[in-house]
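Let's take a look at a ligand and the space around it. Have the model open and follow along.

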Amino acid sequence: MGPVVRIVGNGAVAVAIQGLTADQAAILRDLIRSLDGGISVAVRSTPAGKDVFITGGRDRLQRLPEVLRSNSHVPPALEEKITFRLENYLRLDYKVSCGGKVLDLGKRTHLMGILNVTPDSFSDGGRYSNADKALEHAREMVVAGADIIDIGGESTRPGAEPVPEAEELRRVIPLIERLAAELTVPLSIDTYKSSVAQRALQAGASIVNDISGLRFSRDMAGVVAAYGAAVVVMHIQGAPRSMQQHPVYEDVVSEVLAHLEEGIGIAVRAGVDREKIVIDPGIGFGKTLEHNLTLLNRLGEFCCLGRPILLGTSRKKFIGTVLDIPEPDQRVDGTAATVALGIEQGARIIRVHDVARMAQVARMTDAILKSVQST
Ligand code: HH2
């Protein structure tokens with residue numbers, strides 16, 4: 001099977017180079033317009049500067065860095081920035097190793113099955129608090145196609161109160177030990193507490209899924225590095241208890257992008273292998289309906305960071321708002337739409353409750369994307 005690539009119709013790829021100065025954007029725009037067709041360019045103003053959108057066939061975009069290098073009007077710093085972003089966009093081969101296994105994310109979309117051992121999660125709270133039930137559900141998700149099991153002992157739904165560390169440990173550690181002994185898929189610990197992450201890694205988890213993007217616990221990045229774990233760096237504005245009260249952005253995509261870029265920097269400086277970092281725009285974490293829809297509409301722009309994207313939309317409230325469905329477990333079809341479009345825009349891991357249903361959505365979407373690429 002060939003790799004999945006983000007296609008914008010007819011085999012073209014869309015690339016966004018964000019945060020340029022007006023001069024830089026003008027140089028790039030004029031240069032691209034002077035080329036003999038095959039590439040189109042558009043410039044948009046944001047509070048952080050100018051964003052330049054370049055759309056064209058892969059072959060044409062691959063040759064663009066050379067064109068930039070040979071043009072004396074393009075300053076070296078600009079050429080470097082564009083080349084770095086272009087290479088990231090055109091990158092297909094994401095392999096993330098964790099727990100002795102390799103997740104080949106370039107080959108197909110991977111599924112992260114959600115296992116909440118909490119009494120109060122927004123969708124499945126209380127269902128898997130019993131260890132035997134949790135184990136059974138994890139087994140079912142693996143049979144249904146889960147590539148990773150994500151274990152959470154604290155709900156981070158809007159308004160949730162923090163859970164004391166001892167209680168979170170009591171909920172997750174014995175379960176991780178049992179899962180690690182039985183399952184062959186990598187286990188991820190959904191926590192922002194470095195102490196919980198450390199104990200979970202010792203118990204057999206190999207991925208840390210931190211909704212705070214390594215911000216809430218100062219030594220989280222160090223723990224991830226010390227255990228050679230993979231890490232999901234997610235964007236959040238504020239903290240779960242109050243994040244939905246009044247989320248504000250001047251430009252949600254640029255700000256989430258900058259936050260994730262900074263999070264990657266925190267991880268790398270602490271010694272985390274860049275190839276083990278996954279990024280996540282944090283759908284529903286300090287975002288209005290419009291913010292969530294914009295992030296999904298422009299998800300592909302996050303490909304410029306050169307790290308695989310994880311998308312967590314499963315059964316979330318914004319889907320209920322659009323479809324007028326108050327019950328989270330009735331939002332599966334709405335979730336399917338976000339998963340298909342998310343994959344089309346470059347999501348490589350989807351974090352879901354309904355693994356069997358979303359595995360079909362992912363396989364079908366992958367098949368369509370690959371067929372375009374091989375013609
Ligand atoms: N969403 C939730 C929890 N953890 N982690 C990542 N990386 N991305 C997400 O979008 C994400 C996440 C919230 O969903 P859920 O776990 O189903 O609910 P709760 O927080 O109420 O347990």
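## Starting at the ligand

How far is an oxygen atom of the ligand from an N or O atom in the side chain of lysine 316? The gap comes out at 2.7 Å. Keep in mind that this is a predicted model.

The ligand has other polar partners too. One of its oxygen atoms sits 2.8 Å from a backbone N or O atom of threonine 156. On the nitrogen side, the side chain of aspartate 190 brings an N or O atom to 2.9 Å from a ligand nitrogen. As for cover, the ligand on its own has 480 Å² of accessible area, and the protein covers 99% of that.

## The shell around it

Now for the neighbours. There are 18 residues around the ligand, and the ones that come nearest are Ser121, Ser155, Asn209, Asp280 and Lys316. So Lys316 turns up here as well as in the contact at 2.7 Å.

Sorted by class, the shell holds six nonpolar, seven polar and five charged residues.

## The pocket

Where does the ligand sit? The space it takes is the largest pocket. That pocket has a volume of about 610 Å³. Its lining runs to 35 residues, with Phe122, Arg157, Pro158, Phe285 and Lys316 closest to the centre.

Which elements give two or more residues to this lining? They are strand 6 (110–116), helix 9 (289–297) and helix 10 (317–323). Helix 10 gives the most, with three residues.

The lining of the largest pocket breaks down into ten nonpolar, 16 polar and nine charged residues.

## One residue to keep in view

If you want a single residue to click on, try Lys316. Its side chain makes the 2.7 Å approach to a ligand oxygen, and Lys316 is also among the residues closest to the pocket centre.

Terms used
Residues are numbered from 1 along each chain as its sequence is written. This is a predicted model: local features need pLDDT of at least 70, side-chain atom pairs count only at pLDDT 80 or more; totals for chains, interfaces and linings use all residues. Side-chain values use heavy atoms; hydrogens and water are left out. On a 1 Å grid over the protein atoms alone, a cavity is a set of points where a 1.4 Å probe fits but cannot get out, and a pocket is an open set with protein on both sides within 12 Å along at least five of seven lines; lining residues have an atom within 4 Å of a point. Grid points are joined across faces, edges and corners, and a volume is the space filled by probe spheres set on the points. Helices (H or I, at least four residues) and strands (E, at least two) are DSSP runs, numbered from the N terminus. Ala, Val, Leu, Ile, Met, Phe, Trp, Tyr, Cys and Pro count as nonpolar, Asp, Glu, Lys and Arg as charged, and the others, Gly among them, as polar. A residue is near a molecule or strand if one of its heavy atoms lies within 4 Å of it. A polar contact is a pair of N or O atoms within 3.5 Å; within protein, one must be able to donate a hydrogen and the other to accept it, and residues adjacent in sequence count only if both atoms are side-chain atoms. Accessible areas come from the Shrake-Rupley method with a 1.4 Å probe; for residues, only the protein chains shown count as cover. A molecule sits in a cavity or pocket if more than half of its atoms lie within 2 Å of its grid points.
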